[in-house]
Amino acid sequence: MSGIQQPDLKAVLSRLIEIPSVSSTQPELDMGNMPVIHELAGWLETMGFCCEIIPIPEAPLKANLIATLGSGPGGLVLAGHTDTVPYNENLWQFDPFSLNESDNRFYGLGICDMKGFFGLVMEAVKDYLKAPLKAPLIILATADEESSMSGARALAAAGKPRGRYAVVGEPTGMQPVYMHKGIMMERIRILGQSGHSSNPALGRNAMETAHKVITEIMAFREELAGKYNNPGFAVPTPTINLGCIHGGDNPNRICGHCDLDFDVRLLPGMDSRELRESLKQRLLPIARADNVKLSLDAIHESIDPFAGSADSPLLKSCENLTGYSAKSVAFTTEAPFFSRMGMDTVVLGPGDIDQAHQPDEYLSMDRIHPTIELLRSLIRQFCL
């Protein structure tokens with residue numbers, strides 16, 4: 001396909017879905033995104049974009065892509081991530097790595113969240129490849145949004161790209177989003193003492209301590225819900241999700257170690273460091289009483305909440321073009337990184353969050369043309 005100047009939409013979607021690019025906090029599941037980045041760069045270069053592939057430090061199989069059409073200050077950034085979450089193939093009716101068409105939907109891992117967005121962007125820009133742009137059009141493809149957000153962090157550290165406006169094409173059901181929660185991904189490690197299960201006195205059971213720790217976390221969750229409330233969100237309180245637990249190695253051995261991973265969804269104004277320290281002080285007495293070692297650390301650096309301006313020019317344009325009023329969401333995106341670089345940022349994409357991270361992930365085909373038209377209108381307004 002590299003010799004085709006204007007790739008066919010369905011072929012683009014199919015190829016993007018075919019290339020695995022899972023990112024995960026579990027090393028055995030984590031993959032690189034470099035093949036997706038090179039595929040996108042090949043297409044965009046033949047369309048006339050100037051492409052810069054930026055490797056992620058200490059992650060040789062991962063990279064960001066900045067593809068620019070036109071030059072000068074400002075401009076419009078159309079941004080998305082190239083990675084997907086892990087998947088349970090046995091729960092899929094379709095092949096996760098094949099684009100399947102059924103019931104007026106496209107199915108495939110990442111079609112909604114959010115590889116499909118790149119195909120729609122490429123379709124939208126075809127009309128403007130020869131246009132005299134007054135401000136550059138920038139297509140941004142990042143790594144690791146679903147885990148560490150190392151891609152967006154690297155861009156923010158480098159101060160790239162230098163656009164004026166940014167649309168993050170996450171699944172919002174075509175409704176513009178100007179505010180979302182932040183996230184902490186945390187890991188509790190408990191180290192006890194293994195021993196023969198016939199005599200509990202021979203060891204210190206880390207899993208039993210984990211049971212007490214979980215009870216304390218759930219009490220902490222209730223207290224946070226009573227202390228923090230923002231009616232601008234459908235879920236107006238912070239949440240804590242107990243995500244995964246790993247411990248022990250055999251039924252007839254006292255569990256000598258246990259790890260518990262969880263996340264906290266932060267409202268604007270909450271401080272992740274204060275929250276972590278507060279929880280740690282509640283858990284350490286449990287560890288002392290059980291004579292085990294306990295640590296609480298961030299799996300990855302926390303992501304701040306995003307709070308854009310309800311009166312921004314980009315948001316108003318998106319409201320007018322979609323017919324939807326701006327809203328907030330509980331999930332987290334790369335938007336705060338772009339916002340901190342000074343970009344007027346809106347989260348807006350064709351998929352629905354209810355289909356993201358699910359078996360048989362899909363994108364409704366009736367969203368495709370409206371999204372392409374929306375993107376064309378934004379390009380005309382902010383680049384021509």
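Student: Over how many bridges do S10 and strand S11 pair?

Tutor: Happy to start there, and keep in mind that this is a predicted model. Strand S11 covers residues 257-266, and its pairing with S10 is antiparallel. One of the partnerships links isoleucine 240 to valine 264 in S11. The number of bridges between S10 and S11 is eight.

Student: Which strands are the edge strands of the open sheet?

Tutor: Let's lay out the sheet: four strands with antiparallel pairing, in the order S10-S11-S9-S12. An edge strand here pairs on one side only. That description fits S10 (239-247) and S12 (293-303).

Student: Is isoleucine 188 buried or exposed?

Tutor: Good one to check. Isoleucine 188 sits in strand S9, which spans residues 182-191. Its relative accessibility is 0%, and buried means under 20%. Therefore isoleucine 188 counts as buried.

Student: How many Å apart in space are isoleucine 188 and leucine 260, C-alpha to C-alpha?

Tutor: In sequence, the two residues are 72 residues apart. Leucine 260 is also among the contacts of isoleucine 188, a list including Val213, Ile217 and Phe262. From C-alpha to C-alpha, the separation is 5.1 Å.

Student: Which helix lies across S9, S10, S11 and S12?

Tutor: There are two helices to consider. Helix H6 (residues 272-290) lies across S9, S11 and S12, at about 165° to S12. The other helix spans residues 206-227 and runs at about 175° to S10. The one lying across S9, S10, S11 and S12 is helix H5.

Methods
Residues are numbered from 1 along each chain as its sequence is written. This is a predicted model: local features need pLDDT of at least 70, side-chain atom pairs count only at pLDDT 80 or more; totals for chains, interfaces and linings use all residues. Side-chain values use heavy atoms; hydrogens and water are left out. Helices (H or I, at least four residues) and strands (E, at least two) are DSSP runs, numbered from the N terminus. Buried means under 20% relative accessible area, exposed over 50%, partly exposed in between (1.4 Å probe, protein chains only). Contact means heavy atoms within 4.5 Å. Two strands pair if DSSP finds at least two bridges between them. Axes are lines fitted to C-alpha atoms, for helices over the stretch in contact, and angles run from 0 to 180 degrees between N-to-C directions. Lists of a residue's contacts leave out its neighbours within four places in sequence.
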